[in-house]
Amino acid sequence: MIPDKPPQDNVFHGSEELKKEAHVPSFDKYRELYMKSVDNPDEFWGDVAKDFFWKTKHTGQFLDYNFDVTKGEIYIKCMEGASTNICYNLLDRNVHEKKLADKVAFFWEGNEPGDELTVTYRELLQRVCQFANVLKAQGVKKGDRVSIYMPMVVELVVAMLACVRIGAVHSIVFAGFSAESLCERIVDSQCCLLITADGFYRGDKLINLKLLADEALQKCRDKGFPVGRCIMLKHLSKEPEGILGSQSPPAKRPCPDLQQEKQAGRVKKTRPVPKVPWNPEVDLCWDALLRGVSDECEPEWCDSEDPLFILYTSGSTGKPKGVLHTVSGYMLYTATTFKVVFDHQPDDVYWCTADIGWITGHSYITYGPLANGATSVLFEGLPTHPDVSRMWEIVDKYNVTKFYTAPTAIRLLMKFGNEPVQRYKRSSLKVLGTVGEPINPEAWQWYYNVVGEKRCPIVDTFWQTETGGHVLTPLPAATPMKPGSATLPFFGVVPAILNESGEELEGPSEGYLVFKQPWPGVMRTIYGSHERFESTYFKKFPGYYVTGDGCRRDKDGYFWVTGRIDDMLNVSGHLLSTAEVESALVEHEAVAEAAVVGRPHPVKGESLYCFVTLNDGVMYNSELEVELKKQGKIMRRLLRKIACDERELGDISTLADSTVVEQLFQNRCCTAV
């Protein structure tokens, strides 16, 4: 349970200025709200729900569930009987009720500096309604699945919210995934339509997205699942009629007031455009479809537990899991976590650097921010293109106040020292956040001291695709921070630490991280396989949701996520956390990044196998190897197989660049400890 008093030693605090306007201004207030959320969740979440529009009200219990497989089927239900539409709550409510029509929803920043676009809430609503009408004209209806395979452009948000508006279920596939990965997800979710783009640049690299999409659709046909239609956005094409041939008539952009900005900002004047294959029997042009289409579309009212989206996450067996989230609970939870964890204020400019193809982009680029009427930066590019100061240039350009990125990006930029950061003011920053993996204390300190100049609290958020939103996290004005600790649970979340026998551990301890009851935004099932859902998350310890992560609780009651349980290694009888070894390795001044996996050992049972990325200019040699041995969430399943020289790798779709695999096999400059 939550400690009575906050820790006093070796902690960092948010500023007094931040506390003056904060939604949760003190530890005592956090504790009060947390206890209410656990002891009386109906009242707590019922108060949250009052800020949203409901076509019909819920009846009975706010949250109903069974977490115990020995007592029957696992289920979670939130606000049963209520009906709403998330798109309506994200856009119509903000435009008409909250009078935010002219407020900027997104500052779009392209891959190249100077490629930019500003979209207001009114414009976003108009474009979503238009595309929703396009989808309906193509026969897409409530409950149908639609696959989206697009770069980080405003039209990606338009496509996903257009699906939501008509009650269709979107399945977004990260645009860095292969054709095989896209095919696998289309077939598994039985999608009726694919939405893609001609291509995009990732730094200097051209990604011919339409070519990959066509390859995926051919693979679908080979597997007996033909997808009849593919809508393609011209993202890189300057002249619509010149790239697709006679089958695609010239098109005008749907919003005349954005035409000039699009021509100035979206056209790549110095980059070659991809050669786009075109199949008139399947392919449809986004722009052509929008011509003359109404920008008004009545929303489809959905039941609380209707499916909202499917998002695939890698499984330990190699087959991706289609995580299914539903309407009302996900909306409430992402809205609340965004508002409280980032302490969102009306004049904030928020920037999450994730891709919408991941859950972070779903929850904290689209749904959470728009539900709060926030202004966000939507970034297409890379943190190192055209140079390593790009992120801080963007922070100053848009006066970003709340910034959310991954420890991997922080460690990458640390390699280049302080100067690229200090080239820009960053005076607008108020809160910094991390996501995706535990952040090692050294990276935390650099982020805090250099990027935030010791004035910005860091919200180190732990959560998963499955949880829908933050589950362990500091609150910027309320929670004293410890570098590397996810600190305490969010409202409604009740964590516990279990030993191998399933016994709850009290006080300082280490073991399996589990949760004892649901919160509104937790996943409901694995699409098409509820049995797999139950066996993956609930069978090991009946009565608990099992995260698959190990965790340590310290004397102050703070939680430290130690990494995946299958990344705990037994070396000569000693249980070691790979995350802790990685953290020790990156403490060395020569190391920028480290990943540790296990490898069978004839004497020790297992040995540690360490992959390291060195800072610029550092050479790997035997002397450094000795130092690292003393010192001492990259895909560890994959790295473990590379360490053991196993070529059957299973699912590698979550790799942005799969060519790195062969490079690792050929250049294994690493060491067994």
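**Entry 1: the open sheet**

I started with the sheet of four strands in this predicted model. The strands follow the order β21-β22-β24-β25, the sheet is open, and the pairing is antiparallel. I asked which strands stand at the edges. They are β21 (495-498) and β25 (559-564); each has a single partner strand, so one side of each is left without a neighbour in the sheet. I also looked up the turn between neighbouring strands of this sheet, which is 45° on average with direction ignored.

Next I took one pair from the sheet. β24, residues 545-553, is joined to β25 by five bridges in the antiparallel sense. Across this pair, I found Gly-550 opposite Gly-563 of β25.

**Entry 2: Thr-487**

I then went to the loop between β20 (458-460) and β21, where Thr-487 is placed. Is Thr-487 buried or exposed? Its relative accessibility is 1%, and buried means under 20%, so Thr-487 counts as buried. I listed what Thr-487 touches, leaving out residues up to four places away in sequence: Thr-473, Pro-474, Thr-479, Pro-480, Gly-557, Tyr-558 and Phe-559.

**Entry 3: helix α17**

I looked up the buried residues of α17, which covers residues 441-451. They are Ala-443, Trp-444, Trp-446, Tyr-447, Tyr-448, Val-450 and Val-451. These buried residues pack against α14 (390-398), β18 (402-405), α15 (407-414), α16 (419-422), β19 (431-434) and β20. After the helix comes Glu-453, and I noted that its phi is positive, near 50°.

**Entry 4: helix α4**

How many of the twelve residues of α4 (residues 86-97) are buried? I found ten, so the helix is largely enclosed by the rest of the structure. Among them are Ile-86, Tyr-88, Leu-90, Leu-91 and Val-95, and also Asp-92 and Arg-93. The cover over the buried residues of α4 includes the helices α5 (121-137), α6 (154-165), α12 (327-341) and α13 (359-371), along with the strands β3 (83-84) and β14 (307-313).

I checked both ends of α4. At the N-terminal end, Asn-85 acts as a cap, with a side-chain oxygen 2.9 Å from the backbone nitrogen of Cys-87. Following the helix is Lys-99, with a positive phi near 55°.

**Entry 5: strand β4 and its partners**

I moved on to β4, residues 104-109, and found it mostly covered, with six of its six residues buried. I looked for its partners. β5 (residues 116-120) runs antiparallel to β4, and five bridges join the two. Phe-106 has Val-119 in β5 as its bridge partner. The two strands make a hairpin with six residues between them, and in the turn Gly-114 has a positive phi of about 100°.

β17 (residues 375-379) also pairs with β4, in the parallel sense and over four bridges. Here I found Phe-107 opposite Val-377 of β17.

**Entry 6: the second largest pocket**

Last, I looked up the second largest pocket, whose volume is about 540 Å³. Its lining is made by 22 residues, and those nearest its centre are His-23, Asp-51, Lys-339, Val-340 and Asn-372. The elements giving two or more residues to this lining are α2 (27-39), α3 (41-49) and α12. Which element gives the most? I noted α12, with four residues. I had already met α12 among the elements that cover the buried residues of α4.

Definitions and conventions: Residues numbered from 1 in each chain as written. Predicted model: local features only at pLDDT ≥ 70, side-chain atom pairs only at ≥ 80, totals over all residues. Heavy atoms only, no water. Pairing = 2+ DSSP bridges. Axes fitted to C-alpha atoms, helices over the stretch in contact; angles between N-to-C directions. Buried < 20%, exposed > 50% of the residue type's maximum accessible area, 1.4 Å probe, protein only. Contact = heavy atoms within 4.5 Å. Polar contact = N/O pair within 3.5 Å; in protein donor to acceptor, adjacent residues only side chain to side chain. 1 Å grid on protein atoms, 1.4 Å probe; cavity = no way out; pocket = protein on both sides within 12 Å on 5 of 7 lines; lining within 4 Å. Points joined across faces, edges and corners; volume = space filled by probe spheres on them.
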